Every structure is written in structure tokens, then in C-alpha cells.
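Let's take a walk through this protein, starting from a single residue and working outwards. Have the viewer open and follow along.

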Amino acid sequence: MKILIATDTYKPTINGVVTSIINLQSGLQTLGHEVRILTLSSTDQSYIDSDIYYIGAYDVSELYPDAKIKIKQGKKELIHILNWKPDIIHTQSEFNTFLLAKQIAKKLSIPIIHTYHTMYEDYTHYFSPNKKMGKKAVTAITNHVANHVSAMVAPTNKIYNVLTTYGVDCPIEVIPSGISLEKFETNIPQQEIINLKTQLNLPQDNLILLSVSRIGKEKNIDELIGYMKSLRDKKISLVIVGDGPYKEELEDLVSLYDLEDNIKFTGMITPQQVPVYYQMADLFVSASTSETQGLTYIEALASGTPILCRKDDCLDGVLLEGKNGYSFEDKTEFLAKLDNFITRKDKEDMMIEAKTTVGAYSKAIFTDNIATLYQRYTKSDERCDGLGSPLKCNTQQKKYTMIVSSLILAGSTIYGYSFIKNRKSGI
């Protein structure tokens, strides 16, 4: 089968969406499928590099995380894709490359499958003057996408429920994203962990808490820093891995609390380094409620590192309370469960349980499930109407949703852009 994966974000960006796409791409290729990527360029130039089509774009990540706006049509690249004749398109974002995917699907009369990766309601502070308006924009855009695809993939039941509340009317399949478990299961030599602690200026006998994520406001890392104030006099360190627009403010917060000896920022690290950090940690921590699946939680567990995370629906089936980790809802509960972990004598049993519980999230299972979904929608009785959408879709509804979502998004974007310009100008 020929499969085109369309995504606004791809390598070298490192996040959960890109990780999922890379694992899907390699898994499908292992099964013998031909896979190509349609994505946005890091410059204003469009070009083809092997099996990747890059469309010229402009970086607007200050307005929204990792965001770009397509500024080139990519005619040569699209003609190349049309001549290749993919059997199906799997879209991974709702904006630039989704619009291109619709054009290709219409020309070739092929289906589109879409994975809904992002809880946009938790990111409205980037692009909307208020959360209510932001939710309206998100709902309109989501339904516009749903009206042009054969099915949506929800990585968790949490996303399935969100899509249902938005009134999404296309089929929704719950398929958890998979990871390369073996990458994290391989035991790291103890000397390598000792060297990393020395490099980060961490006491060798301290309990290590680890946060791995993009450093944005929605990740609530400031809460973890606040909790560390209560742990200042204990032999506990917090290592924050990642980068993002909120990093400078968090560093100022750490300085304000005089916690520089207790909290370390690493900035971005290479994918090859990530397993070492997980295995260096005693406990993976997160206060985020913006996760769609929380692949970092699964990576931590695969590494044998128990988790202590804010209670969230995305943890259903992943977190086994008291067995491979804990959930919390406030500071008091966080500190109580951390203390429980510190004092319990069966930490090794928790580490074993952590590795055992993530078997269902292997790349192979994920890929098989997605490939089966493709086969279902490329059969003759599941053909689409030439827009990549199910035949049931109402044309007037499509047009209305498109107009509404465009107007709301345009207004929100203009507001957000003006806000950023004024903030930079000191206004």
C-alpha cells in the first residue's frame, strides 16, 4: 500500500506528535508498505528530499507551539505526489498540510484518516483572547476536519470523549500510539548514570525527580517547582528536561525561590540521551492535564521508572495506582504520595511492574492496528466522495463549518499576533 502521512510538524522537532509519526512510518515500512511524508519546510523554500516533501513555510512558533504558516503552493511537490498515487492519506494536523491533503484526496478520490493529537482547549492562551472563544474556534475547526475525513483516530478514550462532546460525526477509532519499547528497556550502565549526575551537579545519593516535556505554560511545571519549596531541606532533586517559551519564566521562579541547588534545567537533549535520563530518575513527575496520551509517561514506565502524575483520563489503563506509580490532584496529595514512595521497601517491584504494564504500547501493535484501519477504508465499499470524506457529509454543513472556523481562527490569530508584538514592544 502507498501511504502519504501529512503533518505540519516533523523532524528535527521533538515532541509526542513527531515521535508517533516516526514510529508509525518505520513500522509501516517494516510491514512492507511504501510511506512518504508531506510536511512544512523550515525555510520559505519547497523541495523534495528522498521520500519527504517539504512545502515552504514561515515560523510562527511564538504564536503557537511549533507552528508554521504555509507560504508556498508547492505545485511541483504536489504534482509529484499525484503521479506517485498514494492509496490513502493519514493527516496528523488540522491546518496547513491538512488543506493540501484535501486537495490530493479530491484529485485521486482516496480516503483520509486523521489522528487527533492535541488538546487545543489547553492551548487557547496562545491564540485567543479568552478560553470561551478559543473553545468555539477549536470546536469549529475540529468539525471541519471531521467532515472531510473517513475516520478519526483518538490515541486515548480521553480524546474520544472530547471529540464526542464537539459533536464529531465521523467514525472515531481509539488506537493508542506506540513507542519503540526496546529503546527504553535496555539497561544503561551504572557508570553512565553516575557520570550524568556528576555532569548535572546532582548529589549521587539524592532522590531524582524527572520532568520531560516541552516547556509551555500548559504543562504546569511551575506547580512542580512550587512543590519543591516544601522539599528544599530533603535530599531530593528535580531535573527538568526540555525547552520552550516558558523556560525563562520558570528559571526566574527557581531563582526567586532560591532553589538552584535543588532544580536543574537541561534544555533540549538528543533522543539518544533520553533513556539515560529516565533510568537516572527514581520517579517521573508531571502536573500537566494537557496530554492526549502522555507518551513520556509510557517511555518512563518502559524504562522501569515509576510515575507520579496529575490525575488525568489519559492515564486510564496506563497508571496502576500504587503498583507502577501514583496520581495526585493537589500539593498535599503529591507530597503524601512522594513520601509513600520514598518510604516503601518494594521499589524494585514497582520498577518491574512499570515495565510489565506497557507491553500494549509497542510500535508493532500500534502499526498493525493502523494498517488494519487503512485496509478497511481503502476497500471499494468504503470509498469516499472525492474530498476524502464519508458520503454522509452534508455539503452545506461543510461550507458553513469552514467559514465559521476560518473567521474565528483568523480573529484569534490576529489578536494573538498583536498581543505578542505589543508585549515585545513593552506596551
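**From one threonine to the whole fold**

Start at Thr39, which sits in strand 2, residues 34–40. Keep in mind that this is a predicted model. Is Thr39 buried or exposed? Its relative accessibility is 1%, and buried means under 20%, so Thr39 counts as buried. As for what surrounds it, skip the neighbours within four places in sequence and Thr39 is still in contact with Thr7, Asp8, Thr9 and Tyr10, with Ile52, Tyr53, Tyr54 and Ile55, and with Thr97.

Now jump along the chain to helix 12, residues 331–343. With 13 residues at 1.5 Å each, this helix should span 18 Å, and its end C-alpha atoms are indeed 18 Å apart, so the two figures agree. Phe334, Lys337, Leu338 and Phe341 are its buried residues. Look down the axis of helix 12 and those buried residues fall within an arc of 105°, so they line one face. The background is simple: an α-helix has 3.6 residues a turn, so residues three or four places apart point the same way. On the face turned away from the buried side of helix 12 you'll find Thr332 and Thr343, both exposed. At the N-terminal end, Asp330 acts as a cap for helix 12, with a side-chain oxygen 3.3 Å from the backbone nitrogen of Thr332.

Zoom out, and the protein has 15 helices and 16 strands. Of its 427 residues, 54% count as buried. Take the contacts between residues at least 6 apart in sequence: 68% of them join residues at least 24 apart. As for the surface, the protein exposes about 19,300 Å², with carbon and sulfur atoms supplying 51% of that area.

How values were computed. Residues are numbered from 1 along each chain as its sequence is written. This is a predicted model: local features need pLDDT of at least 70, side-chain atom pairs count only at pLDDT 80 or more; totals for chains, interfaces and linings use all residues. Side-chain values use heavy atoms; hydrogens and water are left out. Helices (H or I, at least four residues) and strands (E, at least two) are DSSP runs, numbered from the N terminus. Buried means under 20% relative accessible area, exposed over 50%, partly exposed in between (1.4 Å probe, protein chains only). Contact means heavy atoms within 4.5 Å. Accessible areas come from the Shrake-Rupley method with a 1.4 Å probe; for residues, only the protein chains shown count as cover. The expected span of a helix is 1.5 Å times one less than its number of residues. The arc is that of the directions from the helix axis to the C-beta atoms. A polar contact is a pair of N or O atoms within 3.5 Å; within protein, one must be able to donate a hydrogen and the other to accept it, and residues adjacent in sequence count only if both atoms are side-chain atoms.
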